[in-house]
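Me: Could you take me through one part of this model closely, one helix and whatever it packs against? I'd like the cut-offs spelled out as you go.

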Amino acid sequence: QDNAPLNADAVMYMRIHNMKDACYNVFNVRNALLNLCLTNVREEVGRLTLEEAFSSRGELNKRLLASLNKVSHGWGIEITRVEIQHLEPSADILKALESQISAERKKRATILQSEGEKAKLINEAQGRAEAMLADAEAKKKSMILASQAEAERQSLEAEGIQIAIQTIANSIISMGADSSTALKEAIKFLGLARYMETQGKFAASEGTKVLMFPTKVVEGLSGLLQ
């Protein structure tokens, strides 16, 4: 079908099962079989493309065997086997095939290289995305832990303040004050103590020389001392 010239060699095996037919139904059996085989080889190979002729050798042999036996049975001869041994294209066809094969190899190499580059870029992008995700997860966990620690600190501090207030209030109650007054005085005392603690830290700094105390603080301290 490709109009490509080919040189073909075929081997044919036969068996004479009727000598009379082989002698009287055909003139010169050997030449008749050679011509028959040549004609059928041309016909069967001509139906195929160049690629099919090389890739379908077994199927081609089967079709040749069937078509030869249709004629040879009338001559008292059975073709037991026929096989195409060689299919050789012309020099121009061989050169064209080699060029085609070379082009196909280059094409596959280019495709493989591009697929490799694509896979590399995808892997790098996935790696960067996973690294960013891991960093974000780490920061998130760090913030959660810091938040939990701060909440726990505040809870413990609030619990400590409550215990301190209650302890101070119990001391004041033991001196004859009622519960309401004792609680107010305990809160006032604790507030003044925290204020003095803060002022002490401020006074310990190198740049501080003068401390200013509001009047209410001074009055509170005087009341506590009394």
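Reply: Happy to. Let's take helix H2, whose buried residues are Val29, Ala32, Leu33, Leu36, Cys37, Asn40, Val41, Glu44 and Val45. Buried here means under 20% relative accessible area, with exposed over 50% and partly exposed in between (1.4 Å probe, protein chains only). Helices (H or I, at least four residues) and strands (E, at least two) are DSSP runs, numbered from the N terminus. Accessible areas come from the Shrake-Rupley method with a 1.4 Å probe, and for residues only the protein chains shown count as cover.

A word on the ground rules. This is a predicted model, in which local features need pLDDT of at least 70 and side-chain atom pairs count only at pLDDT 80 or more, while totals for chains, interfaces and linings use all residues. Residues are numbered from 1 along each chain as its sequence is written, and side-chain values use heavy atoms, with hydrogens and water left out.

Now the length of H2. With 18 residues at 1.5 Å a residue, H2 should span 26 Å, and its end C-alpha atoms are 25 Å apart, which agrees. The expected span is 1.5 Å times one less than the number of residues in the helix. As for the spacing of the buried positions, some background helps: an α-helix has 3.6 residues a turn, so residues three or four places apart point the same way.

Just ahead of H2 comes asparagine 28, placed in the loop between helix H1 (19–24) and H2. Its phi is near 60°, a positive value in a residue other than glycine. Asparagine 28 counts as partly exposed because its relative accessibility is 36%.

Two polar side chains among the buried residues of H2 deserve your attention. Asparagine 40 lies in H2, which covers residues 29–46, and it is buried because its relative accessible area is 8%. Leaving aside neighbours within four places in sequence, asparagine 40 is in contact (heavy atoms within 4.5 Å) with Leu64, Ser67 and Leu68. Glutamate 44, also found in H2, counts as buried because its relative accessibility is 5%. With the same kind of neighbours left aside, those within four places in sequence, glutamate 44 is in contact with Leu60, Arg63, Leu64 and Ser67.

Those partners lead us to helix H4. At 1.5 Å a residue, the 16 residues of H4 (residues 57–72) should span 22 Å, and its end C-alpha atoms are 22 Å apart, which agrees. The buried residues in H4 include Leu60, Leu64, Ser67 and Leu68, so several names from the contacts above come back here: Leu64 and Ser67 touch asparagine 40, and Leu60 touches glutamate 44.

Asparagine 61 is another residue of H4, buried because its relative accessible area is 13%. Glutamate 44 and asparagine 61 are 17 residues apart in sequence and 9.3 Å apart in space, C-alpha to C-alpha. Not counting residues up to four places away in sequence, asparagine 61 touches Val82, Glu83 and Ile84.

H2 also has a part in the largest pocket. Here a pocket is an open set of points on a 1 Å grid over the protein atoms alone, where a 1.4 Å probe fits, with protein on both sides within 12 Å along at least five of seven lines; lining residues have an atom within 4 Å of a point. About 260 Å³ of space lies in the largest pocket, the volume being the space filled by probe spheres set on the points, with grid points joined across faces, edges and corners. H2 gives the largest share of the lining, 6 residues, and strand S1 (6–16) and H2 each supply at least two. Among the lining residues are Leu6, Met12, Leu34, Cys37, Val41, Val45 and Leu87.

Cysteine 37 counts as buried because its relative accessibility is 9%, whereas cysteine 23 is partly exposed because its relative accessible area is 48%. If a disulfide is a pair of cysteine sulfur atoms within 2.5 Å, the count comes to 0.

Finally, the wider setting. The protein has 7 helices and 2 strands, following the pattern β-α-α-α-α-β-α-α-α along the sequence. Buried residues make up 19% of its 226 residues. Of the contacts with a separation of 6 or more, residues 24 or more positions apart account for 67%.
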